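Let's take a walk through this one, helix pair by helix pair, and then stop at a pocket and a couple of backbone oddities. Keep the viewer open as you read.

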Amino acid sequence: MAQQVKAVIARAKGAPVEVTTIVVPDPGPGEAVVKIQACGVCHTDLHYREGGINDEFPFLLGHEAAGVVESVGEGVTEVEPGDFVVLNWRAVCGQCRACRRGRAQYCFNTHNAKQKMTLLDGTELSPALGIGAFAEKTLVAAGQCTKVDPAVSPAVAGLLGCGVMAGIGAAINTGGVGRGDSVAVIGCGGVGGAAVMGSRLAGASKIIAVDIDDRKLETARRLGATHTVNSRSTDPVEAIRELTGGNGADVVVEAVGRPETYKQAFYARDLAGTVVLVGVPTPEMTLELPLLDVFGRGGALKSSWYGDCLPSRDFPMLIDLHLQGRLDLGAFVTETIELDAVEQAFERMHQGDVLRSVVVL
């Protein structure tokens with residue numbers, strides 16, 4: 001039978017979020033109901049609330065989540081009730097041209113639950129990134145559930161569902177950071193901080209963190225940065241070049257998503273170096289670069305979508321590294337909160353006071 005649970009929704013553009021009761025249907029074919037244990041408050045949720053994604057209100061917010069599978073629908077073989085899972089928004093199809101070529105991390109046909117969760121009056125909800133996990137329970141496609149070691153804290157595990165995976169993957173999967181490389185990370189919030197941590201994990205010899213907030217730069221040092229640059233008072237391109245023998249960094253990760261910072265990343269990389277854009281721009285932003293500079297500098301300009309991750313491969317590996325003490329994912333959890341504190345968490349995030357607030361249920 002359908003269940004009524006508490007959840008956080010955004011009813012209208014820019015309006016404060018609210019806790020209300022929603023209806024979660026029984027799982028249909030290929031679907032699963034997951035009892036949520038923890039869900040991070042990500043900037044993407046704020047984008048949804050502000051209408052920056054689309055206007056399909058009301059939204060059921062939350063997507064960086066971990067929990068336990070409660071029930072599954074017909075034909076589900078990936079998971080079963082009782083499994084501890086991290087939710088992901090890239091449920092690969094296995095059939096598209098990317099999947100058939102063995103590049104499932106680029107799947108062009110990822111899918112979500114077919115049924116809709118609703119308000120009590122029957123109004124259909126749009127779940128953030130097809131997940132909607134600021135809720136006691138949520139309905140997802142079974143392929144959005146990735147089994148991991150249940151020994152990990154749910155508050156830590158859920159962060160792999162978006163921001164932390166995006167940053168680590170931008171460095172390792174997309175940027176290909178390797179032993180001895182020099183790396184610069186522009187923008188040191190949750191995603192940028194994770195790129196710093198990923199670069200350290202990959203063996204980078206020099207990791208330069210760039211931000212306008214000294215608090216974030218100090219956090220970046222704790223996560224593995226060897227040098228920091230406050231770009232409010234220092235030209236970051238000149239600083240990065242000075243720290244890399246006048247050459248620029250082998251890999252520059254842009255975790256802001258603005259034309260100004262992308263240009264900084266472009267000119268702060270070494271010849272034949274790599275720029276990775278993982279910061280999310282807004283629709284009206286445009287970029288202008290001299291085409292001769294693009295040609296003459298060689299290298300690669302890449303975009304990183306979800307850290308080019310394959311959840312079934314990357315989530316269990318990173319959780320194992322965390323449990324071995326080799327990857328401190330807990331460093332990203334600034335505070336744990338209840339469902340009714342999400343609006344306040346948005347404000348603290350906007351002020352730069354937290355890496356991640358995590359709703360714990």
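## H4 against H5

Start with helix H4 (residues 163-174), whose axis comes within 7 Å of the H5 axis, the two crossing at roughly 45 degrees. That angle makes H4 oblique to H5. If you care about handedness, H4 and H5 cross in the right-handed sense. Bear in mind that you're looking at a predicted model.

Who touches whom? On the H4 side, the contact is made by Gly163, Val164, Ala166, Gly167, Ile168, Ala171 and Ile172. Facing them from H5 are Val191, Ala194, Ala195, Gly198, Ser199, Leu201 and Ala202. Sorted by class, the contact of H4 with H5 has ten nonpolar and four polar residues, with no charged ones.

## H5 against H6

Helix H5 (residues 190-202) also packs with helix H6 (residues 214-223): their axes come within 9 Å and cross at roughly 25 degrees. H5 and H6 are therefore roughly parallel to each other. The crossing of H5 past H6 is right-handed.

Here H5 puts in Gly193, Val196, Met197 and Arg200, and they meet Ala220, Arg222 and Leu223 from H6. By class, the residues in the contact of H5 with H6 come out as four nonpolar, one polar and two charged.

## H7 against H8

Further along the chain, helix H7 (residues 236-243) packs with helix H8 (residues 259-268) at an angle of about 25 degrees, and the axes are 9 Å apart. So H7 counts as roughly parallel to H8. This is a right-handed crossing too, with H7 passing H8.

From H7, the residues to click on are Pro236, Val237, Ile240 and Arg241. Their partners in H8 are Gln264, Tyr267 and Ala268. The contact of H7 with H8 splits into five nonpolar residues, one polar and one charged.

## A pocket worth a look

How much space lies in the second largest pocket? About 300 Å³. It has 17 lining residues, and the closest to its centre are Tyr48, Asn112, Pro127, Leu129 and Gly130. The whole lining of the second largest pocket breaks down into nine nonpolar, six polar and two charged residues.

Hang on to Leu129, as it turns up again below. To find Leu129 in the fold, look in the loop between strand E8 (126-127) and strand E9 (137-141).

## Two backbone oddities

Most residues other than glycine have a negative phi, and most peptide bonds are trans. Leu129 goes the other way on phi: the value is near 50 degrees, which is positive, and the residue isn't a glycine. Leu129 is also one of the residues closest to the centre of the second largest pocket.

The other spot is the peptide bond from Phe57 to Pro58, which is cis, with omega near -5 degrees. Where does Pro58 sit? You'll find Pro58 in the loop between helix H1 (43-49) and strand E4 (59-60).

How values were computed:
Residues are numbered from 1 along each chain as its sequence is written. This is a predicted model: local features need pLDDT of at least 70, side-chain atom pairs count only at pLDDT 80 or more; totals for chains, interfaces and linings use all residues. Side-chain values use heavy atoms; hydrogens and water are left out. Axes are lines fitted to C-alpha atoms, for helices over the stretch in contact, and angles run from 0 to 180 degrees between N-to-C directions. Helices (H or I, at least four residues) and strands (E, at least two) are DSSP runs, numbered from the N terminus. Angles under 35 degrees count as roughly parallel, over 145 as roughly antiparallel, 65 to 115 as roughly perpendicular and the rest as oblique. A crossing is left-handed if the near helix is turned anticlockwise from the far one by less than a right angle, and right-handed if clockwise. Contact means heavy atoms within 4.5 Å. Ala, Val, Leu, Ile, Met, Phe, Trp, Tyr, Cys and Pro count as nonpolar, Asp, Glu, Lys and Arg as charged, and the others, Gly among them, as polar. On a 1 Å grid over the protein atoms alone, a cavity is a set of points where a 1.4 Å probe fits but cannot get out, and a pocket is an open set with protein on both sides within 12 Å along at least five of seven lines; lining residues have an atom within 4 Å of a point. Grid points are joined across faces, edges and corners, and a volume is the space filled by probe spheres set on the points.
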